[in-house]
Amino acid sequence: MIIFGAPFRYYQGRDILKDTGTILQPMGKKFFLVSDAFVFSLYGDALDAAFASAGLASVRGEFDGESSDAEINRLHQIYKASGCDAVVGVGGGKALDTAKGVSIVADAPVALVPTTAASDAPVSNIAMIYKADHSKDRVAYMRYSPWCIIMDTEVILKAPLRTFISGIGDAAATKFEADACLASGAANFLKGRPPRTAKALCDLCWDIIREHAMEAVESVKNGVFTNAFDEVVEASALLSGLGFVNGGLAAGHAVSSGLTSVPAALKATHGELVSFGLLVQLVLEKRPQAFMDEMLAFLKGVGLPTTLAQLGVTGADKDDITKMVNKICTPQNLVYNMPCEITPAILEKAIYEADRLGR
Ligand SMILES: [Zn+2]
């Protein structure tokens with residue numbers, strides 16, 4: 001059965017943070033804002049004013065930086081006592097995951113206001129839950145997709161360049177992973193068959209990224225709003241998100257997810273890990289040299305890592321890579337969404353081959 005899912009609404013525009021209250025008016029009357037102290041110091045007052053001007057109330061729920069069960073349950077208690085009827089996540093990935101987590105426990109609708117374009121996660125119906133020691137715990141599924149996403153491109157433009165480049169890394173892999181799922185018959189993140197609509201969205205995502213990413217990165221470097229920047233935000237947030245939820249993921253994200261268990265790679269962002277994971281997937285797919293050269297030129301040109309060393313991993317971490325490969329190659333892992341044979345030996349070889357090519 002084909003299943004397709006998306007948020008009710010996606011808003012993207014310059015200086016639209018001030019319209020948050022008006023946009024979210026149909027969603028509730030009293031909103032529980034989940035974010036960290038730093039993001040509240042930047043945008044908290046503007047958001048409170050935006051809700052007040054629309055005749056709505058807002059309550060702040062400051063989170064401690066980790067989207068763990070303990071933190072989600074603590075915030076849920078505050079949410080319950082506050083009498084709020086909807087959750088709003090504001091900030092980077094973990095703040096948004098925590099807001100999604102609170103909405104799952106509270107069975108309340110959630111809206112997300114990303115302050116970076118670092119990944120395609122906001123559009124998705126899943127939340128990453130971490131353990132208290134910051135290692136990955138599990139993927140939590142929401143009943144539905146988020147109610148609303150509000151991307152203020154003036155806010156995104158001011159975010160650190162590295163977050164924007166990471167978002168491009170995450171989005172660059174989307175088409176290739178969805179294509180692998182189509183070829184293998186793997187299910188998407190709604191546990192359905194990927195529709196052709198997903199394939200079209202993933203192809204468009206890659207077309208925009210390939211054509212405009214370099215110019216968009218320059219825009220962010222110079223702090224200048226351009227059409228290329230605007231289009232790449234749409235590709236890395238909306239198209240990539242719809243693409244992976246509905247098209248599925250494969251080796252690119254299996255490897256990036258696996259690398260989070262390698263201590264040396266702890267400082268790399270999700271999109272940086274995906275950039276390398278994509279290379280590993282393309283090696284597994286036995287892509288021709290000319291194709292690899294083109295992809296490597298693209299990733300390097302944008303400023304994404306293409307080697308293990310750039311992720312912080314050296315020869316001293318060889319055992320950790322072997323452990324990671326064995327961890328990936330367990331039943332139900334995304335790596336088995338690949339349409340080719342996967343064994344620990346094949347995967348480990350592909351990782352080092354990608355590293356060699358990426359130098
Ligand atoms: Zn991703």
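**A pocket, a zinc site and the helices around them**

Fourteen residues would be a long list to start from, so take the centre of the second largest pocket: of the 14 residues in its lining, Asp 107, Ala 108, Pro 109, Arg 143 and Tyr 144 lie nearest that centre. The model is a predicted one. The space in this pocket comes to about 240 Å³. Its lining divides by class into 10 nonpolar, two polar and two charged residues.

Next, the metal. The zinc ion has three protein donors: Asp 170 through OD, His 253 through NE2 and His 270 through NE2. They lie 2.1 to 2.2 Å from the ion. Along the sequence, the donor residues follow the spacing D-x82-H-x16-H. The two histidines link distant parts of the chain. His 253 belongs to helix 9, residues 251–259, and His 270 to helix 10, residues 270–284. The two are 17 residues apart. Are these histidines buried or exposed? His 253 has a relative accessible area of 9%, so it is buried. His 270 reaches 35% and therefore counts as partly exposed.

Now turn to the annotated part of the chain. An unreviewed UniProt entry lists residues 7–153 as "domain: Alcohol dehydrogenase iron-type/glycerol dehydrogenase GldA". In the model, this stretch is 35% helix and 30% strand. Its end C-alpha atoms are 19 Å apart.

UniProt, again in an unreviewed entry, also gives a "binding site". The listed residues are Gly 93, Lys 94, Ala 95, Leu 96, Asp 97, Ser 124 and Tyr 130. Two of the listed residues can be followed further. Gly 93 lies in helix 4, which spans residues 93–106. Leu 96 lies in helix 4 as well. Gly 93 is partly exposed, because its relative accessible area is 44%. Leu 96 has a value of 5%, so it is buried. What does Leu 96 touch beyond four places away in sequence? Its contacts are Gly 89, Val 90, Gly 91, Leu 112, Val 113, Pro 114 and Pro 122.

Two buried residues give a view of the helices elsewhere in the chain. Thr 174 sits in helix 6, residues 161–184. With 1% relative accessibility, Thr 174 counts as buried. Sequence neighbours within four places aside, Thr 174 is in contact with Asp 120, Cys 202, Ser 240, Gly 243 and Phe 244.

Val 232 is placed in helix 8, residues 227–247. Its relative accessible area is 0%, so Val 232 is buried. Outside the four-place window in sequence, Val 232 touches Phe 164, Ile 168, Ile 208, Ile 209, His 212, Ala 213 and Ala 216. Phe 244, already met as a contact of Thr 174, is 12 residues from Val 232 in sequence. In space, the C-alpha atoms of Val 232 and Phe 244 are 16 Å apart.

Finally, two loops deserve a look for their backbone angles. Most residues other than glycine have a negative phi. Lys 286 is not a glycine, yet its phi is positive, at about 55 degrees. Lys 286 lies in the loop between helix 10 and helix 11, the latter spanning 289–302. At 71% relative accessibility, Lys 286 counts as exposed. Gln 332 also has a positive phi, about 75 degrees, although it is not a glycine. The loop that holds Gln 332 runs between helix 13 (318–328) and helix 14 (344–358). Gln 332 is exposed, because its relative accessible area is 79%.

Note on methods
Residues are numbered from 1 along each chain as its sequence is written. This is a predicted model: local features need pLDDT of at least 70, side-chain atom pairs count only at pLDDT 80 or more; totals for chains, interfaces and linings use all residues. Side-chain values use heavy atoms; hydrogens and water are left out. Donors are N, O and S atoms within 2.8 Å of the metal (3.2 Å for Na, K and Ca); water is not among the atoms, so sites may look incomplete. Helices (H or I, at least four residues) and strands (E, at least two) are DSSP runs, numbered from the N terminus. Buried means under 20% relative accessible area, exposed over 50%, partly exposed in between (1.4 Å probe, protein chains only). On a 1 Å grid over the protein atoms alone, a cavity is a set of points where a 1.4 Å probe fits but cannot get out, and a pocket is an open set with protein on both sides within 12 Å along at least five of seven lines; lining residues have an atom within 4 Å of a point. Grid points are joined across faces, edges and corners, and a volume is the space filled by probe spheres set on the points. Ala, Val, Leu, Ile, Met, Phe, Trp, Tyr, Cys and Pro count as nonpolar, Asp, Glu, Lys and Arg as charged, and the others, Gly among them, as polar. UniProt positions are given in the numbering used here, feature names are shortened, and annotations may be inferred rather than shown by experiment. Contact means heavy atoms within 4.5 Å.
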